[in-house]
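Please walk through this model with me, moving from local backbone features to the annotated residues and then to the strands and helices around them.

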Amino acid sequence: MTMIRRLWNRVCGKPATVQPTAPAEPLELSGPGPMLALPPPKPTLALALQGGGAHGAFTWGVLDRLLEEDIRLVGVSGASAGAMNAAMLVQGWARGGPDGAREGARAELANFWERVSAAGRLGPIRPNLADRLLGRWNVDNAPGSHLVEWAKRWITPYQTQSADFHPLRGLLAETVEPELIRRSGLRLFVSATNVRSGALRLFDETEVEVDHLLASACLPHLFRAVRIDGQDYWDGGYLANPPLSPLAEACPGADLLVVAINPFTCATTPQDPAGIAARLNQITFNAALLQELRCLSARAAAPRLHLIDADEHLQDLGVYSKLMTDWSFLNWLRDAGREAASRWVEQNLGRVGTESSARTPALA
């Protein structure tokens, strides 16, 4: 009907009636829903682990705590006990596989230190029962320490040891698996000191085997030099404790976290012979590290630097506790390392990727 009426109006010349139109509804544009929040990137770290004999169990504790965090690890370097910690971490990382790397590394480190304690159970340097019960671990005046000190003055390792002797050789031969280290996907650097040239020698993950770790931990008063490819090597801590620059260059973009177990500071000036010797040992084995930290900090494109130190926990320990593998002592060191790492995680893990947090009066 409406169409017929419109035709009739046209024939009769009547204007068409315009029906009012309803107001247009607001135009609604459909679009994507709310953006899904992407997870923040994992903190990316390269770890540099200082050496210090049995005090390396402090580093074990630090690593054990750090590996509880969801971090991305890209490389590790170490000297002496730090080199052994580094090798065990890298090896365990590979053994754990993509889904269990951190737990694999934790298990490897725990197994290593348990076996170190077992291997040294008959060692001459031990705390007495009272000191063990009271947690007094400075054994510089223990009878075994005096015996070793006397022997160092009058006897050299070349008079008493075979060419391939080292108390940890058998343990490392049973635990180190070079093929695991090579396929870990992590960079690894181990330092040693060339005896004749006095030059630093770095071994990476493609080379590291038992002899390289023993060379990095070879104290010349206690052990014969370790020969590798016709060259004799002593402890790497004399020149790179631990290596920093090679690690930074091999892991661009990663933050460097240094774990230092030789205290940078002391509360008072030592006056007794044992205290003086202990402080000189700390200063000597920190010298290369402090120099390298200053050089890295001065670079135009300096890597972000972080530091976990043992000043609070290890200041009162002497030189000879570095040779003591008593299981109670190693557990005390591990727990101290975990405590120091927990504090660093709480205060500084969130700064990884944005700014440095390394602070120590020694760098002032």
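Pro242 sits in the loop that connects strand E6 to helix H10 (245-250), and the peptide bond leading into this proline from Asn241 is cis, with omega near 0°. Most peptide bonds are trans, and most residues other than glycine have a negative phi. The model discussed here is a predicted one, and two further backbone features in it deserve attention. Asp229, which is not a glycine, has a positive phi of about 50°; this residue is placed in the loop between strand E5 (226-228) and E6, where Asp229 counts as exposed because its relative accessible area is 74%, against a cut-off of over 50%. Ser80 also has a positive phi, near 55°, and is likewise a residue other than glycine.

Ser80 leads to the annotated positions of the chain. Under "active site", an unreviewed UniProt entry lists Ser80 and Asp235. Although these positions span 156 residues in sequence, no two of their C-alpha atoms are more than 6.3 Å apart, so they gather at one spot. Where does Ser80 lie along the chain? Ser80 belongs to the loop between strand E2 (72-78) and helix H3 (81-119), whereas Asp235 is part of strand E6, which covers residues 231-235.

Are these two residues buried or exposed? Ser80 is buried, with a relative accessible area of 8%, and Asp235 is buried as well, its relative accessible area being 3%; both count as buried because the cut-off for that class is under 20%. Their side chains are joined by a polar contact of 3.2 Å. Leaving aside neighbours within four places in sequence, Ser80 is in contact with Gly51, Gly52, Ser216, Ala217 and Asp235. With neighbours up to four places away again left out, Asp235 touches Ser80, Thr193, Ala215, Ser216, Ala217, Cys218, Leu219 and Phe285. Ser216 and Ala217 thus appear among the contacts of Ser80 and also among those of Asp235.

From this spot the path continues to strand E7, formed by residues 255-260. Of the 6 residues in this strand, 6 are buried, so E7 is largely enclosed by the rest of the structure. In a regular strand the side chains alternate between the two faces of the sheet. In E7, Asp255, Leu257 and Val259 point one way while Leu256, Val258 and Ala260 point the other way, and all of them are buried.

Which strands pair with E7? Strand E1 (residues 44-49) pairs with E7 in the parallel sense over 5 bridges, and within this pairing Ala48 has Val258 of E7 as its bridge partner. Strand E8 (residues 305-309) also runs parallel to E7, the two being joined by 5 bridges, and here Ala260 stands opposite Asp309 in E8. The chain passes from E7 through H11 to E8, and this β-α-β crossover is right-handed.

Helix H11 comprises residues 273-298, and Asn281 is found in it. Asn281 has a relative accessibility of 17% and therefore counts as buried. Not counting residues up to four places away in sequence, Asn281 touches Asn262, Val319 and Lys322.

A contrasting environment is found at Arg121, which lies in the loop between H3 and helix H4 (129-134) and is exposed, with a relative accessible area of 56%. The side chain of Arg121 reaches the backbone oxygen of Ala118 at 2.5 Å. Apart from neighbours within four places in sequence, Arg121 is in contact with Arg126 and Thr325. Arg121 and Met324 are 203 residues apart in sequence, and their C-alpha atoms are 9.0 Å apart in space.

These local views can be set against the chain as a whole. The protein chain contains 13 helices and 8 strands, and buried residues make up 50% of its 364 residues. Among contacts between residues at least 6 apart in sequence, 78% join residues at least 24 apart. The accessible surface of the chain comes to about 19,000 Å², of which 56% belongs to carbon and sulfur atoms.

Methods: Residues numbered from 1 in each chain as written. Predicted model: local features only at pLDDT ≥ 70, side-chain atom pairs only at ≥ 80, totals over all residues. Heavy atoms only, no water. Helix = DSSP H or I, 4+ residues; strand = E, 2+ residues; numbered from the N terminus. Buried < 20%, exposed > 50% of the residue type's maximum accessible area, 1.4 Å probe, protein only. Contact = heavy atoms within 4.5 Å. UniProt positions renumbered as here; feature names shortened; annotations may be inferred. Polar contact = N/O pair within 3.5 Å; in protein donor to acceptor, adjacent residues only side chain to side chain. Pairing = 2+ DSSP bridges. Right-handed = clockwise from strand over helix to strand, strands pointing away. Areas by Shrake-Rupley, 256 points an atom, 1.4 Å probe, with all protein chains shown as cover.
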